[in-house]
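I opened the notebook to record what I looked up in this structure, beginning with a helix contact and moving on to empty spaces and a charged pair.

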Amino acid sequence: MVKKIGLLTGGGDCPGLNPVIRAVVRKCLEYNVDVIGIKNGWKGLIENSTIKLDFQSVSGILPKGGTILGTSRTNPYKKEEHLKSLHENYKKLAIDALIAVGGEDTLGVADKLFKEGINVVGVPKTIDNDLSCTDYAFGFDTALNTATEAIDRLHTTAESHHRIMVVEVMGRHAGWIAVEAGIAGGADIILIPEIPIDMEEVIGLIKKRHDRGKTFSIVVVSEGAKFGNKDLVTQEEKLDEFGHIRLGGIGDILARLIENKTGYETRVTVLGHIQRGGTPTAFDRVLGTRFGVKAVELAIAGKFGQMVSLQGNKIIAVPLSSAISELKTVDLELYNIAKVFFG
Ligand code: F6P
């Protein structure tokens with residue numbers, strides 16, 4: 001019998017987390033199940049930092065970005081004593097099931113903990129949309145719309161000033177935001193982590209556009225895109241607890257190269273965390289709500305080690321282990337559609 005559920009949000013935040021929290025709490029209330037909010041991802045379970053969640057605590061949070069529970073990039077497997085405290089606190093809190101909302105790192109930990117006997121259900125969250133076994137994670141749609149709006153805005157100023165505008169968007173391993181925002185915003189070139197940057201091709205495409213009378217171009221690049229077999233462009237060497245380096249700077253390098261090789265004035269805009277903030281779109285609110293309700297249903301049915309997932313228009317359960325086994329990179333069919341409009 002599941003009488004008490006723990007809920008946490010881990011990793012990078014994104015719009016749609018609060019709709020999940022609200023849905024979990026409201027569904028639990030329907031079943032008379034208590035919900036304990038664990039603060040700041042796995043850190044909260046290591047430190048026993050929790051809050052009781054009830055009707056009142058989730059009132060009004062549906063349209064709010066971020067997460068009322070807070071988040072962190074804490075990896076409990078980094079230190080043995082942390083893992084021990086986590087297990088002790090899980091017992092102390094008398095939680096019957098744990099709902100973990102996160103991306104590849106948070107859900108990777110969830111899967112390991114499930115294998116150690118903790119009753120976990122996962123909910124996929126990522127603006128990068130790179131989690132396998134789900135068509136979409138919430139957060140992506142909002143980030144995509146933010147990036148598209150930014151490209152629209154850059155378009156008008158690029159055209160007025162006859163400039164090349166390079167737009168750096170998020171996307172560590174997968175270029176979903178770049179490709180979809182690029183298609184939606186009418187980008188002239190889109191560069192993604194999946195395909196090494198060929199500078200000659202980029203210059204050729206820009207020149208081709210200018211040759212046919214266009215005096216401006218929009219280049220969208222994912223932060224994780226690379227030149228040939230060169231390293232990722234990073235802001236600092238330090239790794240986080242999951243071994244990730246802080247990305248950023250590819251847009252600047254690209255802009256300098258373009259300006260030097262074409263002679264056209266080139267500017268760069270880095271969208272950064274703006275893509276992760278703000279109110280969730282209706283799509284992300286609905287998806288987050290559906291995921292939250294389904295996660296509670298799975299927990300109550302004792303279906304642990306599973307992740308809720310959107311496939312087609314159905315919300316189903318998939319094994320956590322399959323969802324984290326490999327990242328979902330950009331569909332080349334989609335990239336080929338984007339390429340029709342290059343240059
Ligand atoms: O994983 C999602 C993501 O938005 C990546 O695209 C990006 O590299 C990373 O998070 C940035 O995270 P942080 O909040 O640590 O800067």
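Entry 1, the helix contact. In this predicted model, I looked up which residues join α6 to α11, and I found that Trp176, Val179, Glu180 and Ile183 on the α6 side meet Leu334, Tyr335 and Ala338 on the α11 side. Sorted by class, the residues of this contact are 6 nonpolar and 1 charged, with no polar residue.

I then turned to the geometry, since two packed helices are described by the angle between their axes and the distance between the axes. For α6, which covers residues 176-185, and α11, which covers residues 332-339, I noted axes that come within 10 Å and cross at roughly 40°. I also noted the hand of the crossing of α6 and α11, which is left-handed.

Entry 2, the largest pocket. I looked up its volume, about 790 Å³, and its lining, which is made up of 36 residues. Nearest the centre of the pocket I found Arg73, Met170, Arg172, Glu223 and Arg276. The elements that give two or more residues to this lining are α4 (104-115), β6 (164-169), β9 (234-239) and β10 (245-247), and I wrote down β9 as the source of the largest share, 4 residues. By class, I recorded 15 charged, 13 polar and 8 nonpolar residues in the lining of the largest pocket.

Entry 3, a salt bridge. How many salt bridges does the structure hold? I noted 12 of them, and I followed up the one between Arg276 and Asp13, whose closest N and O atoms are 3.1 Å apart. Arg276 lies in the loop between β11 (266-270) and α9 (282-300) while Asp13 lies in the loop between β1 (4-9) and α1 (17-30), so the pair ties together parts that are 263 residues apart in sequence. I had already met Arg276 among the residues nearest the centre of the largest pocket.

Entry 4, the cavity. I found 1 cavity of 30 Å³ or more in the structure, and the volume I noted for the largest cavity is about 40 Å³. Its lining consists of Gly10, Gly11, Trp42, Ser72, Arg73, Thr74, Asp105, Thr106 and Phe242, which by class gives 5 polar, 2 nonpolar and 2 charged residues. Arg73 appears in this cavity lining and also in my entry on the pocket.

Definitions and conventions. Residues numbered from 1 in each chain as written. Predicted model: local features only at pLDDT ≥ 70, side-chain atom pairs only at ≥ 80, totals over all residues. Heavy atoms only, no water. Axes fitted to C-alpha atoms, helices over the stretch in contact; angles between N-to-C directions. Left-handed = near helix turned anticlockwise from the far one by under 90°. Contact = heavy atoms within 4.5 Å. Nonpolar A, V, L, I, M, F, W, Y, C, P; charged D, E, K, R; others polar. 1 Å grid on protein atoms, 1.4 Å probe; cavity = no way out; pocket = protein on both sides within 12 Å on 5 of 7 lines; lining within 4 Å. Points joined across faces, edges and corners; volume = space filled by probe spheres on them. Salt bridge = Lys/Arg side-chain N within 4 Å of Asp/Glu carboxyl O.
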